Amino acid sequence: MNNFYNHTSTIHKYCITQGLIGYNLFLHSQGMQDYIKELNPEQREAVLHTEGPLMIVAGAGSGKTKVLTTRIAHLMQLGVDSFRILALTFTNKAAKEMKERIEKILGNGNARNLYIGTFHSIFARILRAEALNIGYPSNFTIYDTDDAKSVIKSIVKSMNLDEKLYKPNIILNRISAAKNNLYTYKDYKADFDIQQEDTRSKRPEIGLIFEKYSQQCFKNGAMDFDDLLVNMYLLLTTHPESLSKYQHKFRYVLIDEYQDTNTAQYHIIKLLAAMHENLCVVGDDAQSIYSFRGATVKNIFMFQKDYEDVRVIKLEQNYRSTKSIILAANAIIEHNEKQIKKKLWTDNVEGEKIKLVCTFTDNDEGKFIADTIQEKQLRDHYANSDFAILYRTNAQSRSFEENLRRHNIPYRIYGGLSFYQRKEIKDFIAYLRVIVNTQDEEAIKRIINYPVRGIGKTTIQKIILIASEQNITFWEVISDIRKYGFSGRAANAIESFVIMMRSFQTMLEKKNAYDVAAEVGKASGIIKSLRSENTVEDLARFENVQELLNAIKEFTETPDEEGELLDKSLGSYLQQITLLTSADQKGEEDTNVVTLMTIHASKGLEFPNVFVVGAEENLFPSQMSLYDKDDLEEERRLFYVAITRAKANLWITYANNRYRFGQLVSNEPSRFLEEMPEEYVDTSNARKPKNKAFSNQMNPVNRGIQQKKVSKANYNHKVSADFKADSPEGMTEGMKVEHQRFGFGEIKTLEGPAANKIATIEFSTLGKKKIMLNYAKLRIVK
DNA sequence: TGCGCAGGTGTTTTT
DNA sequence: CACCTGCGCA
């Protein structure tokens, strides 16, 4: 298509929809447009500085997205063709939100054509168009982490290596790290340091695995997540005409979350923006939390050196949180050495202090939070969706789920398995993958005997062997199976499998993706096999497959809008869904539920009420980070991200005891807690982080367990003068009691054997607590 | 070939 | 604790 034509047609459309008056206004007006008036001076400058390299250092809650979206809208108002603006984000959600907000500012349909998307999805789209240049089919498959691991696993097996040593996870991490630095397997094998590291860890063959893995992916017509970057870089560096095409095309390039870019992304950005140098990066070094996947804060530190005449604008006014939260956040991040100097401030109210809460166990932590949410809702009429629980690791979610469920508080967990990662969905999709790309060996192996059709492991192994010996694909072997010496039942089964897959392929030429998928469900026997089973899980699986079919239907039936760049082929659909994450699940955003997510997943979000949980040494900061200064600083940035999600109320909780790997362990409070100035923190429900040594007699569970320093809470109840502990025998539910330190409360429930009764007591100041009567000193009040 | 059970093993964080 | 793997049995 001709760019000039598009350019004029866009303006033409604009004039029609907005009227010439609006158009002329922007050309001739003395004053500013409304959307610019809404900005503060720094934001405004960031929007108006359209030409040349620009770095916006945007503190948490400083209106970063507003600036980015207004800037893009402004460029379009200036007449820039939407096809010529590229904006890269890290999540689909961020991309979608930006698109919607731009649309809202413009009020016409023009935002549609913008290149806004994640690095991975935009590059996938470009690579699809350019695939032949780098020897890939345009319907290449995208391997998610599971697919990649499974390829590695079979390579390790075929090399007869020790599977205990060569774990797919470890190997994939090594390969991924290499790719993120644009290392090929050749570079990897030639790098002295890397080789030494692998030798030291007794895994000298990783380089060879890397080589085989790369070759296998290529043979399968598949790219993993990292390949999308590597191949994009390869395309631009080895095909000058492609480079020049995209350099010309993207006159304006914007990068969101620049602090999270890795080396590969850095170089691609640099190449793409080299011609016009209208490169605008937005980021916050204090929120760089993805080094484990190759991101380097260095990119943002070095930006000023990379380009001449860089304009740097700092957005330091926070519009989100109370003063208490902002000032505490500032104090914490100051403990990091490496940072771009800036100080967040806010005009918002001082607000309540940050509430530090210590609980006995991880379960108590969950209970405390469920209670608090309920109480807070009753008192201040908050909706469920005004609350978020943020944790360091996914595994922590359980106690919150249980307690919220017990309180009948609806919640939703972001993260975990996304819909498209469920086994039954991946199985179904494997059919579609093979239909679109027969080279995809991983997918064939997944379905060749699913549902069961008598093609066993030995048969599959034989096919793999033949394929690699003759250097042909798995599909080529099975599509002419008798030629390779197979006969009998297995050969018959394979033949009918191939015939079935072929029939799907020819269908795809005439029918839409949904019709084909529906036929796959029927003809393959998947639907039948799922329906014939009777457990609840099977029913759920069946429903999930139905849901997938619905999704495909929706995809096929959404009509192409005029000028829209949507590729409606099944191949494009498959690529997109692999790049979806669980955060992208649709239709649930406006539901009124409590949000549970990792801190990583919470970046960019905000909630009136936030619980940051598990603030304990070895958990947050994670034990993996304790011995490396850079890692520790990243944990601190993560803590900073966590607390700056809160608008009004922030609780930080930690448990004295926590189950981990099925064992109860005790941890000290997180070191980050001590970094918050006392004036912003309410410690009345916490032991003060600075007091370390406490006796342990309240805590019989802890005896004999791998013991760090354990403490009891620093409660300030003043014991009544006539306090004398009563014997547990006389205690019953509903009784009012006084605890030596917890104060007055009422026994809600009694559980356990007579010799070791556990009471749940609701204390007037502390809420519910579980107490072991044999150890507690309780006085019966009445 | 397919299923059930015992044992081992692992936790950061995710496109 | 919870998942996954591998092995043994039918």
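**Close-up 1. R398 and K153 at the phosphates of DNA strand C.** In this predicted model, an N or O atom in the side chain of R398 is placed 3.0 Å from a phosphate oxygen of DNA strand C. K153 also reaches the backbone of the strand, with a polar side-chain atom lying 3.4 Å from a phosphate oxygen of DNA strand C.

**Close-up 2. The protein surroundings of DNA strand C.** The residues that surround DNA strand C are K153, E163, R398, F661 and G662, and of the atoms of the strand that come within 4 Å of the protein, 46% belong to sugar and phosphate. Sorted by class, the surface near DNA strand C consists of three charged residues, one polar residue and one nonpolar residue.

**Close-up 3. The crossing of helices α4 and α5.** Helix α4, which spans residues 64-77, and helix α5, which spans residues 92-106, have axes that come within 9 Å and cross at roughly 50 degrees. Angles of 35 to 65 degrees fall between the roughly parallel and the roughly perpendicular ranges, and α4 and α5 are therefore described as oblique to each other. The crossing in which α4 passes α5 is right-handed.

**Close-up 4. The residues between α4 and α5.** On the α4 side, the contact is made by T65, K66, L68, T69, T70, I72, A73, M76 and Q77, while α5 contributes E97, M98, R101, I102, I105 and L106. Taken by class, the residues of this contact of α4 with α5 comprise eight nonpolar, four polar and three charged ones.

Note on methods:
Residues are numbered from 1 along each chain as its sequence is written. Chains are lettered from A and ligands numbered from 1 in the order in which they are written. This is a predicted model: local features need pLDDT of at least 70, side-chain atom pairs count only at pLDDT 80 or more; totals for chains, interfaces and linings use all residues. Side-chain values use heavy atoms; hydrogens and water are left out. Axes are lines fitted to C-alpha atoms, for helices over the stretch in contact, and angles run from 0 to 180 degrees between N-to-C directions. Helices (H or I, at least four residues) and strands (E, at least two) are DSSP runs, numbered from the N terminus. Angles under 35 degrees count as roughly parallel, over 145 as roughly antiparallel, 65 to 115 as roughly perpendicular and the rest as oblique. A crossing is left-handed if the near helix is turned anticlockwise from the far one by less than a right angle, and right-handed if clockwise. Contact means heavy atoms within 4.5 Å. Ala, Val, Leu, Ile, Met, Phe, Trp, Tyr, Cys and Pro count as nonpolar, Asp, Glu, Lys and Arg as charged, and the others, Gly among them, as polar. A residue is near a molecule or strand if one of its heavy atoms lies within 4 Å of it. A polar contact is a pair of N or O atoms within 3.5 Å; within protein, one must be able to donate a hydrogen and the other to accept it, and residues adjacent in sequence count only if both atoms are side-chain atoms.
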